Amino acid sequence: LATVDSFPTMRRLHTLILHRNLPLLRISPNLATRLPSLHTVVASGCGFTALASLAPLASCRNLERLNFSQCPVSTDANRTPYNCKEILSTTPHSFTDALLAEVSAMEPSVVYRLYLIAICSPHLKLVDFTRVKDAEREKAKRLKDVLVAVAAATSGSALGASMLLATPAVAVTADGKKIRKRSVLASGTVSRAESSVGQVAEDETDQ
């Protein structure tokens with residue numbers, strides 16, 4: 001399972017339990033339309049390495065709880081702090097040196113947390129089992145444009161690869177049918193995991 005994808009429209013499903021799926025690297029851009037009631041995502045111990053891989057969560061307007069602990073993107077282990085001025089040196093921007101310096105001085109785990117708070121629903125209450133504080137919301141709002149720009153700039157660049165533990169590997173095959181088949185298989189894996197864990201409250205598909 002490499003992508004959270006291939007869900008049918010499931011209006012009553014509100015919780016995804018995806019933890020300990022190391023190959024999991026991406027979230028489908030259509031997640032919000034397929035799971036409009038989603039409020040909890042547990043993906044601890046997965047393979048997410050880039051901030052931009054979490055960007056589709058911005059469209060999920062009911063998110064309250066997120067857990068990406070023990071994922072490379074959320075940890076400081078073996079990682080270099082983001083040098084925002086260098087990252088954005090080739091990208092037109094209007095950020096002041098003070099803002100860039102402020103983000104550059106943060107540990108990667110802090111940048112990750114503020115990025116999620118900045119892009120996600122205002123209803124977000126918990127990130128990695130820690131309550132979101134009002135001061136964090138204000139800081140994330142003030143730094144949102146810088147955080148989003150840094151996430152985009154490091155999503156697939158050589159610089160981004162050097163700053164992250166790994167670059168998300170994208171398997172590309174010449175046979176489109178194989179790609180679609182793989183997606184269906186991945187979605188089936190999610191369904192089986194949900195049913196076995198029994199932590200998804202509602203998974204009926206609305207007709």
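The following exchange concerns the cysteines and the second largest pocket of a predicted model.

Residues are numbered from 1 along each chain as its sequence is written. Local features need pLDDT of at least 70 and side-chain atom pairs count only at pLDDT 80 or more, while totals for chains, interfaces and linings use all residues; side-chain values use heavy atoms, with hydrogens and water left out.

Me: How do you know that Cys 46 is in no disulfide?
Reply: A disulfide is a pair of cysteine sulfur atoms within 2.5 Å. The nearest cysteine sulfur to Cys 46 is that of Cys 71, 5.0 Å away, and therefore the definition is not met. A search of the whole structure finds zero disulfides.

Me: What is the nearest cysteine sulfur to Cys 60?
Reply: That of Cys 120, 7.7 Å away; Cys 60 is in no disulfide.

Me: Why is Cys 46 called buried?
Reply: Buried means under 20% relative accessible area, exposed over 50%, and partly exposed in between (1.4 Å probe, protein chains only). Cys 46 has a relative accessible area of 1%, so the term buried applies. Cys 60, at 3%, is also buried.

Me: What makes a residue part of the lining of a pocket?
Reply: On a 1 Å grid over the protein atoms alone, a pocket is an open set of points where a 1.4 Å probe fits, with protein on both sides within 12 Å along at least five of seven lines; lining residues have an atom within 4 Å of a point. Among those lining the second largest pocket are Cys 120, Arg 137 and Lys 144.

Me: Which element gives the largest share of that lining?
Reply: The largest share, five residues, comes from α5.

Conventions
Helices (H or I, at least four residues) and strands (E, at least two) are DSSP runs, numbered from the N terminus.
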